[in-house]
Amino acid sequence: LFPPSHMTIEFLKLKVRLSGLILIAGGIAGLATIAGFFGEWWWGLDLLSHFRVQYALALAGAVVAALILRRWSLFACFALLGAVNVALIVPLYVGPDRTHAPKRESSARARILMLNVHTSCQEYARVLALIREHDPDVVALEEVNARWIAGLSELTATYTNTVLCPSEDNFGMALYSKLPIQNGKEVILGQARVSSIQAVCELGGQPFRILATHPLPPVSRAYTALRNQQLEEVAAYCRRVAMPMVLIGDLNASPWSYGFRLVRDGSGLRDSMPGFGVQASWPTINPFMRIPIDHCLVSDSVRVLARHVGRATGSDHYPVIFDMELAARESMYANSTPFLP
């Protein structure tokens with residue numbers, strides 16, 4: 001009966017514009033959802049595979065917008081593409097029953113803390129406080145240089161077994177262990193010639209091998225090829241190990257990327273994240289773009305009991321802490337010769 005007021009008209013225009021922006025964002029997220037499956041063919045597409053959580057949220061908003069606007073074809077399309085991302089995310093929240101896990105004091109249980117400290121960062125005190133807070137048995141650090149080794153020198157009083165490979169090129173590594181270790185040394189895997197660290201640790205009278213690695217970031221075709229080549233060599237290394245195996249590191253790959261599939265499927269190890277959710281660890285400065293690229297993969301004889309992301313230390317990565325235990329000694333290990341390259 002009455003003509004719409006100026007305020008009503010402007011509100012409706014704003015509503016339409018906002019819905020249109022949401023639909024556009026949903027369209028972009030939908031295209032990226034599909035493109036992320038083709039990372040094997042082009043490095044730029046593999047970068048799109050990392051943001052499954054963000055795509056799912058964007059598509060959820062697009063579904064609501066399409067419903068409000070009664071755009072039924074778009075509604076169905078966005079709902080389907082959103083379901084694709086959800087199907088990739090949900091398995092990370094489903095894992096084995098841990099209600100009967102042994103207590104922390106179990107002699108065959110250990111805690112491992114890993115952190116990319118960021119070479120240019122100088123927050124040594126915060127990293128030391130983090131380590132004291134969580135009291136891990138093994139500490140694996142990436143991007144350490146000589147200054148970081150000096151800044152964390154007090155660790156050697158508690159962590160008497162160390163393998164230190166500092167470097168000024170953002171690919172230095174350091175391993176600190178309370179557990180007895182054998183054959184702890186730097187190893188070079190891949191044509192990028194960056195350091196990895198291997199060690200055989202003893203836990204509850206049983207040996208297990210740990211490999212810490214940090215491949216190049218996939219910021220170009222050449223770097224992506226070097227990352228993938230290193231991950232393939234890492235996978236081959238792990239596959240040859242005839243004892244319980246733990247692989248840790250900033251792999252510069254999310255669980256949904258082609259690079260991650262190379263190392264997971266090629267090594268025969270399993271991801272430790274399922275059952276604990278999407279534990280995004282990078283970058284600390286942008287929560288909307290945060291993705292999980294710091295990983296732990298284990299062999300079947302290693303059980304991961306707890307896994308969580310720690311508090312910020314000034315680095316662009318959050319630390320990842322996990323508790324593990326070894327299965328009872330099996331005859332296959334008792335009768336085999338450990339791989340000691």
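Arg-70 is exposed, with a relative accessible area of 63%. This residue of the predicted model makes a convenient starting point for a tour of the chain. Its backbone has a phi near 60°, a positive value in a residue that is not glycine. Arg-70 belongs to the loop between H3 and H4, and the two helices flanking that loop come next.

Helix H3 covers residues 52–69 and helix H4 covers residues 72–89; their axes lie 8 Å apart and the packing angle is about 155°. Angles over 145 degrees count as roughly antiparallel, and H3 and H4 are therefore roughly antiparallel to each other. The crossing in which H3 passes H4 is left-handed. On the H3 side, the residues that meet H4 are Arg-52, Val-53, Tyr-55, Ala-56, Leu-59, Ala-62, Val-63, Ala-66 and Leu-67. Their counterparts in H4 are Trp-72, Leu-74, Phe-75, Phe-78, Ala-79, Leu-81, Gly-82, Asn-85, Val-86, Leu-88 and Ile-89. Sorted by character, the residues of this contact comprise 17 nonpolar, 2 polar and 1 charged.

Stepping back to the whole chain, the model contains 9 helices and 12 strands. The chain has 341 residues, of which 50% count as buried. Among contacts in the chain with a separation of 6 or more, 67% come from residues 24 or more positions apart.

Some of the strands come together in a sheet. An open sheet is formed by 6 strands with mixed pairing, and their order is S5-S6-S7-S8-S10-S9. Strand S5 (181–188) and strand S9 (270–271) are the edge strands, each pairing on one side only. S5 runs antiparallel to strand S6 (residues 195–203), and 6 bridges join the two. Within this part of the sheet, Ile-181 stands opposite Cys-201 in S6.

Two loops associated with strands also deserve a look. In the loop between S9 and strand S10 (294–298) sits Pro-283. The peptide bond that joins Trp-282 and Pro-283 is cis, with omega at about -5°. The other loop, between strand S3 (161–165) and strand S4 (173–177), holds Asn-170. Phi of Asn-170 is near 75°, which is again a positive value in a residue other than glycine. How accessible is Asn-170? Its relative accessibility is 35%, and Asn-170 counts as partly exposed, whereas Arg-70 in the loop between H3 and H4 is exposed.

How values were computed: Residues numbered from 1 in each chain as written. Predicted model: local features only at pLDDT ≥ 70, side-chain atom pairs only at ≥ 80, totals over all residues. Heavy atoms only, no water. Axes fitted to C-alpha atoms, helices over the stretch in contact; angles between N-to-C directions. Helix = DSSP H or I, 4+ residues; strand = E, 2+ residues; numbered from the N terminus. Parallel < 35°, antiparallel > 145°, perpendicular 65-115°, else oblique. Left-handed = near helix turned anticlockwise from the far one by under 90°. Contact = heavy atoms within 4.5 Å. Nonpolar A, V, L, I, M, F, W, Y, C, P; charged D, E, K, R; others polar. Pairing = 2+ DSSP bridges. Buried < 20%, exposed > 50% of the residue type's maximum accessible area, 1.4 Å probe, protein only.
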